[in-house]
Amino acid sequence: MRIDVLTLFPEMFEGPLGYSIPKRAQDKGIVEIALTNIRDFGVGNYNKVDDAPYGGGPGMVMACGPVFDSYEHAAKQHPAKGRVIMMTPAGRKLDQKLMRELSSEERLILIAGRYEGFDERIQEGLDAEMVSIGDYVLSGGELAAMVVIDGVVRLLDGALGHEDSALDESFSGGLLEYPQYTRPEDYHGMTVPEVLLGGNHALIEQWRRQQALERTRSLRPDLLEEL
Ligand code: 6GU
């Protein structure tokens, strides 16, 4: 898979993509991630990328020129057109279903904005989808784009080691994960549930299912309605 990111802050991506599963997937050639700095396509002596909104109001709006030009620069680096996604709190809410959908694409082009938003013609002109990572406001789309990349990359064939792969089932099953324990059996008086020490696998299975259900009912009843 090829992932392009258009951003004003490419350095922000180095940390999250430089470790663990995203790092390994890039090293193995499972995913190629390329960053394009929108600032390089800014206008004038100060490489301006934003301007005041028509009609007035607070804040600045990302202007068409630099975003379209940085898109063209990225687009020609790979043959597939791919899915173009603008990160914005005004978009479709990201969930594991959308992560799976995106992981089956040959290419993604993610656009991370700062400022108060994008000129509407960017979405029109690039035929871009708008994606949000939840109902809260971040300072920019960069962290959201990293969330998309991390969630997508770990679903690609070969990205997870054998040790990790089982973890993928937990949320995809539609319930929250059951409680886990490891040694020691007694940590300062806090003990591990008896059933997990017994080795009765049917009983353990039943206990875990029941814990997952209780936890989901208490914290995320909305998930049970989707089952
Ligand atoms: Cl994609 N961007 C910003 N700025 N805030 C968000 C978001 C995106 N998703 C949730 N909050």
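Buried means under 20% relative accessible area, exposed means over 50%, and partly exposed covers what falls in between. These words return throughout this report on a predicted model.

N47 shows how the scale works. N47 counts as partly exposed because its relative accessibility is 31%. N47 sits in the loop between strand 2 and strand 3 (50–51). The backbone of N47 also deserves a look: its phi is near 50°, a positive value in a residue other than glycine.

**Overall layout**

The domain assignment splits the chain into domain 1 (2–153) and domain 2 (170–225). The C-alpha centres of domain 1 and domain 2 lie 37 Å apart. One pair of residues also gives a sense of distance. Q123 and P221 are 98 residues apart along the chain, and their C-alpha atoms are separated by 35 Å.

Other pairs are far apart in sequence but have a shorter distance listed here.

| Pair | Apart in sequence | C-alpha to C-alpha |
|---|---|---|
| E177 and A212 | 35 residues | 5.8 Å |
| G151 and P22 | 129 residues | 9.4 Å |

E177 is in the loop between helix 8 (168–172) and strand 9 (186–187). E177 counts as partly exposed, because its relative accessibility is 26%. G151 belongs to helix 6 (residues 142–153). G151 has a relative accessible area of 10%, so G151 is buried.

**Helix 3**

Helix 3 (residues 64–75) has 12 residues. From its first C-alpha to its last, helix 3 reaches 16 Å, close to the 16 Å expected at 1.5 Å a residue.

Which residues of helix 3 are buried? They are C64, P66, V67, S70, Y71, A74 and A75. The numbering of V67, S70, Y71 and A74 within that buried set can be read with a general rule in mind. An α-helix has 3.6 residues a turn, so residues three or four places apart point the same way.

What covers these buried residues of helix 3? The cover includes strand 1 (2–7), strand 2 (32–37) and strand 4 (61–62). It also includes strand 5 (83–93), strand 6 (107–112) and helix 5 (120–126).

**Two residues and their contacts**

T7 is in strand 1. Is T7 buried or exposed? T7 is buried, because its relative accessible area is 0%. Leaving out residues up to four places away in sequence, T7 touches F13, L35, T36, N37, I38, A112 and E142. The side chain of T7 also reaches the backbone nitrogen of F9, at 2.8 Å.

Q123 lies in helix 5. Neighbours within four places in sequence aside, Q123 is in contact with M86, A128 and M130. With A128 there is a polar link: the side chain of Q123 reaches the backbone oxygen of A128 at 3.0 Å.

**The ligand**

The residues around the ligand are M87, T88, P89, V131, S132, I133, G134, Y136, L138, G140, G141 and A144. Three of these residues have polar atoms to follow up.

Start with S132. A polar side-chain atom of S132 lies 3.4 Å from a nitrogen atom of the ligand. For I133, a backbone N or O atom lies 3.0 Å from a nitrogen atom of the ligand. For Y136, a polar backbone atom is 2.6 Å from a nitrogen atom of the ligand.

How much of the ligand does the protein bury? Taken alone, the ligand exposes 290 Å², and the protein buries 96% of that. Strand 5 and strand 8 (129–132) are the elements that give two or more residues to the shell around the ligand. Strand 5 gives the most, with 3 residues.

**Unusual backbone**

Most residues other than glycine have a negative phi, and most peptide bonds are trans. N47, with phi near 50°, departs from the first habit. S20 does too: its phi is near 55°, a positive value in a residue other than glycine. S20 is found in helix 2 (residues 20–27). S20 counts as exposed, because its relative accessibility is 57%.

The peptide bond from R183 to P184 departs from the second habit. This bond is cis, with omega near 5°. P184 lies in the loop between helix 8 and strand 9.

Methods. Residues numbered from 1 in each chain as written. Predicted model: local features only at pLDDT ≥ 70, side-chain atom pairs only at ≥ 80, totals over all residues. Heavy atoms only, no water. Helix = DSSP H or I, 4+ residues; strand = E, 2+ residues; numbered from the N terminus. Expected span 1.5 Å × (residues − 1). Buried < 20%, exposed > 50% of the residue type's maximum accessible area, 1.4 Å probe, protein only. Contact = heavy atoms within 4.5 Å. Domains from an automatic or database assignment. Near = heavy atom within 4 Å. Polar contact = N/O pair within 3.5 Å; in protein donor to acceptor, adjacent residues only side chain to side chain. Areas by Shrake-Rupley, 256 points an atom, 1.4 Å probe, with all protein chains shown as cover.
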